[in-house]
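Me: Could you walk me through this structure, step by step? I am new to it.

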Amino acid sequence: MKGNVWIYILVMAAVTYAVRVLPLVLIRREITSPLIRSFLYYVPYVTLAVMTFPAIMDATSSPWAGLAALVVGMVLAWRGKSLFLVAVACCLTVLVLEFFLV
């Protein structure tokens, strides 16, 4: 990384500031479009999913164990089980599959 580090920090700070301030400045009234409101409602969930799903596959030594844990977790969560039970079941799934696969 060549160049002045302070320029990089300044550009990063300006971009971060602009991303947070521009919506406040440009959008003055309430958003009434149902399409935009539903899009903005699901943005946090999509962002969490995009960060979580690749980590699930890369956290194990075998992608198949990660995929199996994902499926087990989704089935248990869909059935309304507690977060603790889902986490324990996913961990046990990875433990058992990696014991047999590796």
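Here are some short questions, each with a reasoned reply.

Reply: Happy to help: this is a predicted model, where local features need pLDDT of at least 70, side-chain atom pairs count only at pLDDT 80 or more, and totals for chains, interfaces and linings use all residues. Residues are numbered from 1 along each chain as its sequence is written, and side-chain values use heavy atoms, with hydrogens and water left out.

Me: Is Thr-93 buried or exposed?

Reply: Buried means under 20% relative accessible area, exposed over 50%, and partly exposed in between (1.4 Å probe, protein chains only). Thr-93 has 16% relative accessibility, so this residue counts as buried.

Me: How many disulfides are there?

Reply: A disulfide is a pair of cysteine sulfur atoms within 2.5 Å. By this rule, the count is zero. For Cys-90, the nearest cysteine sulfur belongs to Cys-91 and is 7.0 Å away, leaving Cys-90 in no disulfide. The number of disulfides is therefore zero.

Me: Which helix gives the most to the largest nonpolar core?

Reply: A nonpolar core is a set of buried Ala, Val, Leu, Ile, Met, Phe, Trp, Tyr and Cys residues joined through side-chain atoms within 4.5 Å. The largest one has six residues: Ala-69, Leu-76, Val-86, Ala-89, Cys-90 and Val-94. Helices are DSSP runs (H or I, at least four residues), numbered from the N terminus, and H3 (63-78) and H4 each supply at least two core residues. With four residues, the top contributor is H4.
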